[in-house]
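Here's a quick tour of a ligand site and the pockets that go with it. Take a look at the sequence and structure first, then read on.

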Amino acid sequence: MEKRRIGSLDVSVAGLGCNNFGWRIGPDESKATLFAALDAGVNFLDTADVYGAGKSEEYLGNALGDRRKEVVLATKFGMEMAGQSGGSPTYVRQAADASLRRLKTDWIDLYQIHKPDPKTPIADTLGGLNELVRAGKVREIGCSNFSSEQLREANDAAGAMGLARFVSVQNEYSLFHREPEENVLSECQRLGIAFIPYFPLASGLLTGKYRKGRPLPEASRGKDQWGPKVFTDENLEAVERFARFAETRHHTLLELAFSWLLAHDVVASVIAGAKTPQQATANAGAANWRLTAEELSEIDRIFPDGEV
Ligand code: NAP
């Protein structure tokens with residue numbers, strides 16, 4: 001599979017988001033889903049300490065074993081875990097040690113702050129993260145849910161103090177949520193920061209299994225009402241337009257969802273979540289359509305705002 005760079009890391013363009021692990025699926029299903037992704041060429045895994053209250057990291061640590069060295073492992077800290085949260089240097093150290101223990105590894109490839117911490121100056125957080133890099137516990141650092149101003153501020157602080165800088169930002173981005181186009185993508189381009197889109201399939205809406213006039217599929221997020229509420233009539237109509245666009249070009253809606261994101265050079269990897277081995281395999285094979293400039297413009301005409 002094609003690889004792209006996140007700082008010094010080489011990641012597959014299709015990654016695996018692991019937030020179902022420990023929340024919606026158990027250890028055996030998580031392991032089977034993980035191995036299906038790895039066997040299909042995925043090497044980039046994204047999790048967080050909070051996913052399944054630590055279970056996602058635990059399941060990954062237990063399942064990976066010897067295969068740890070095959071993967072680029074990204075995790076996050078900063079959301080509330082056991083009553084603690086944020087980006088203070090003391091907490092950064094503590095959270096990293098807890099993640100390393102759960103992941104059963106000596107190093108985290110990409111360690112991301114899950115959301116900005118308004119109570120801690122970003123320079124202090126970067127100082128804590130820099131220590132982890134120097135200690136060899138973390139290879140690269142990234143952030144999530146940051147605005148373009150916050151990216152700039154962090155980059156300036158790291159530069160001024162000679163600290164490790166964020167090499168990636170993970171924000172919501174999909175055909176249905178195009179906010180990063182306002183200024184985060186251009187800021188990433190300017191600063192040389194990789195962009196990692198989350199909710200790339202709009203919680204499954206862009207997989208092709210939700211179609212207007214048909215009942216919501218069993219055991220799906222749409223049916224279970226898990227995650228953001230995107231399964232509206234208006235969005236289902238947009239799905240029909242996207243599906244028609246893809247199908248007349250002999251592609252699937254799933255391929256459109258992945259390939260459209262990857263048509264943006266700053267997008268490093270599409271970390272779609274999967275709940276079954278079949279989903280993981282299908283997602284790993286969905287990144288191969290090279291959309292032309294005309295096709296990209298036509299998508300903008302079909303659905304200019306893309307808000308859910
Ligand atoms: P998503 O990738 O947009 O949607 C994933 C869901 O769609 C799956 O759980 C599955 O749900 C369905 N699906 C996936 N592939 C499918 C396929 N091939 N066929 C049919 N259905 C399929 O949303 P996400 O998993 O919530 O987000 C992706 C990753 O982004 C997460 O795992 C996490 O790593 C990251 N994330 C980060 C943040 C942040 O604040 N940084 C926030 C949210 C997510 P069903 O089987 O239940 O339908």
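How do the residues of the shell around the ligand divide into nonpolar, polar and charged? There are 13 nonpolar, 14 polar and six charged ones. For this split, Ala, Val, Leu, Ile, Met, Phe, Trp, Tyr, Cys and Pro count as nonpolar, Asp, Glu, Lys and Arg as charged, and the others, Gly among them, as polar.

## Before you dig in

This is a predicted model, where local features need pLDDT of at least 70, side-chain atom pairs count only at pLDDT 80 or more, and totals for chains, interfaces and linings use all residues. Residues are numbered from 1 along each chain as its sequence is written, and side-chain values use heavy atoms, with hydrogens and water left out.

## Around the ligand

The ligand is surrounded by 33 residues (each with a heavy atom within 4 Å of it). Asn20, Asp46, Ser144, Lys209 and Gln279 are the closest. Helix H10, residues 277–284, gives the most to this shell, with three residues. Helices here are DSSP runs (H or I, at least four residues) and strands are too (E, at least two), numbered from the N terminus.

Now for some polar contacts (pairs of N or O atoms within 3.5 Å). Asparagine 20 has a polar side-chain atom 2.8 Å from an oxygen atom of the ligand. For tyrosine 51, a polar side-chain atom lies 3.4 Å from a ligand nitrogen atom. Alanine 202 uses a backbone N or O atom, 3.2 Å from an oxygen atom of the ligand. Taken alone, the ligand exposes 920 Å², and the protein buries 94% of that (Shrake-Rupley method, 1.4 Å probe).

## The largest pocket

The ligand takes up the space of the largest pocket. A pocket is an open set of points on a 1 Å grid over the protein atoms alone, where a 1.4 Å probe fits, with protein on both sides within 12 Å along at least five of seven lines; lining residues have an atom within 4 Å of a point. A molecule sits in one if more than half of its atoms lie within 2 Å of its grid points.

This pocket has a volume of about 630 Å³ (the space filled by probe spheres set on the points). Its lining has 37 residues, with Asn19, Phe199, Ser203, Arg221 and Gly273 nearest its centre.

Note on methods. Polar contact = N/O pair within 3.5 Å; in protein donor to acceptor, adjacent residues only side chain to side chain.
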